[in-house]
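This briefing sets out the main features of the structure shown below, grouped by topic for use at the bench.

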Amino acid sequence: MAFYPLQMAGLVLGFLGMVGALATTLLPQWKVSAFVGSNIIVFERIWEGLWMTCVRQAKAALQCKFHGSLLALPPVLEAARALMCAAVALSLAALLVGVCGVKQVRCVGSNERAKAHLRGTSGALFVLTGLLVLIPVSWTAHIVIRDFYNPAVHAGQKRELGAALFLGWASAAVLLVGGGLLCGSCCCHRKKPRHRYPAPGHRVPHVGPRGEAAMPRKASTSYV
């Protein structure tokens, strides 16, 4: 019971990280238009995401258009899509496995060792999910920063870091921390000392000061 708060904290952080990863995947604010140089058209805002491109004007509603052909997408965008979808699916699997490993849930009976293995597996999956989220988010940020400082790129085509990238970094950090807590609870359960008691009816011989085992003495009976 001492590690129950640690388990619940890991599961809550894992759930929040899963929600953040899903929101990062769906939001279109991966790249936003930058107003630099001669690009002074400030009444139009362009958002580029994994699934759609949105244009927001000052006196018009937000207009979004999904990307066309899947084969016509850049390889970086296809890889980011695949990694983010895999991260969301893996985080959901990790959450289900972690719930089954909680002490109060009887998915595998009362076997504490099996539950500890489930918690360790859930923590490892959450850590892997955090890495899967971190890779496409960081790579996209690298491309945005590289193109922003590239003088060969036109000012109208330069982009800045969007809110979805910062949400992705925060979600990856939460997933890594939650996975670490679950793995820590599993390791602490393994290192927990187990007291073994002798079987009933079995007497342990007493060891004397010289290291010799003293044999039990028989009660002497005297007959009158």
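The protein contains four helices and seven strands, arranged along the sequence in the pattern α-β-β-β-β-α-α-β-α-β-β. The model is predicted, and side-chain atom pairs are counted only at pLDDT 80 or more. The points below begin with the protein as a whole and then turn to its helices, its cysteines and its aromatic residues.

**Overall character**

- The protein has 224 residues, of which 32% count as buried.
- Its accessible surface comes to about 14300 Å², and carbon and sulfur atoms contribute 66% of that area.
- Among contacts with a separation of 6 or more, 62% join residues that lie 24 or more positions apart.

**Helix 2 and its cover**

- Helix 2 comprises the 26 residues 75-100. At 1.5 Å a residue, a helix of this length should span 38 Å, and the C-alpha atoms at its ends are indeed 38 Å apart, so the expected and modelled values agree.
- The buried residues of helix 2 are Leu77, Ala80, Arg81, Met84, Ala87, Val88, Ser91, Ala94, Leu95 and Gly98.
- The cover over these buried residues includes helix 1 (4-26) and helix 3 (112-148).
- Cys85 is partly exposed, because its relative accessible area is 36%.

**Ser122 in helix 3**

- Ser122 is found in helix 3, one of the elements that cover the buried residues of helix 2.
- The relative accessibility of Ser122 is 0%, and the residue therefore counts as buried, the cut-off being under 20%.
- Beyond its neighbours within four places in sequence, Ser122 is in contact with Ala94, Val97, Gly98 and Leu182. Of these partners, Ala94 and Gly98 are among the buried residues of helix 2.

**The disulfide and the other cysteines**

- The structure holds one disulfide by the distance rule applied. It is formed by Cys54 and Cys64, whose sulfur atoms are 2.1 Å apart, and this separation satisfies the cut-off of within 2.5 Å.
- A disulfide is a covalent bond between the sulfur atoms of two cysteines.
- The link of Cys54 and Cys64 is right-handed, with 105° about the S-S bond.
- Cys54 belongs to strand 3 (residues 52-57) and Cys64 to strand 4 (residues 63-66), so the bond ties together parts that are ten residues apart in sequence.
- The two partners are not equally accessible: Cys54 is buried at 0% relative accessibility, whereas Cys64 is partly exposed at 41%.
- Setting aside residues up to four places away in sequence, Cys64 touches Met52, Thr53 and Cys54.
- Cys64 and Met52 are twelve residues apart in sequence, yet their C-alpha atoms are 6.4 Å apart in space.
- Cys183 is partly exposed, with a relative accessible area of 23%.

**Aromatic pairs**

- Across the whole structure, two aromatic pairs are found.
- In one of them, the ring centres of Phe148 and Tyr149 are 5.2 Å apart and the ring planes stand at 80°, so this pair is edge-to-face. The angle lies over the 60 degrees that the edge-to-face class requires.
- Phe148 is partly exposed, with a relative accessible area of 23%, while Tyr149 is exposed at 65%.
- In the other pair, the ring centres of Phe166 and Trp169 are 5.6 Å apart and the planes stand at 75°, so this pair is edge-to-face as well.
- Phe166 and Trp169 both lie in helix 4 (residues 163-191), where they are three residues apart, about one turn of the helix.
- Both members of this pair are partly exposed, with relative accessibility of 46% for Phe166 and 29% for Trp169.

**A charge over a ring**

- Lys158 lies over the face of Phe148, at 5.9 Å from the ring centre. This distance is within the 6 Å limit for a charge over a ring.
- Phe148 thus takes part in two of the arrangements described here, as the ring under Lys158 and as a partner of Tyr149.

Technical notes: Residues are numbered from 1 along each chain as its sequence is written. This is a predicted model: local features need pLDDT of at least 70, side-chain atom pairs count only at pLDDT 80 or more; totals for chains, interfaces and linings use all residues. Side-chain values use heavy atoms; hydrogens and water are left out. Helices (H or I, at least four residues) and strands (E, at least two) are DSSP runs, numbered from the N terminus. The expected span of a helix is 1.5 Å times one less than its number of residues. Buried means under 20% relative accessible area, exposed over 50%, partly exposed in between (1.4 Å probe, protein chains only). Contact means heavy atoms within 4.5 Å. Rings of Phe, Tyr and Trp (its six-membered ring) pair if their centres lie within 6.5 Å; planes under 30 degrees apart count as stacked, over 60 as edge-to-face and the rest as tilted. A charge sits over a ring if NZ of Lys or CZ of Arg is within 6 Å of the ring centre and within 35 degrees of the ring normal. Accessible areas come from the Shrake-Rupley method with a 1.4 Å probe; for residues, only the protein chains shown count as cover.
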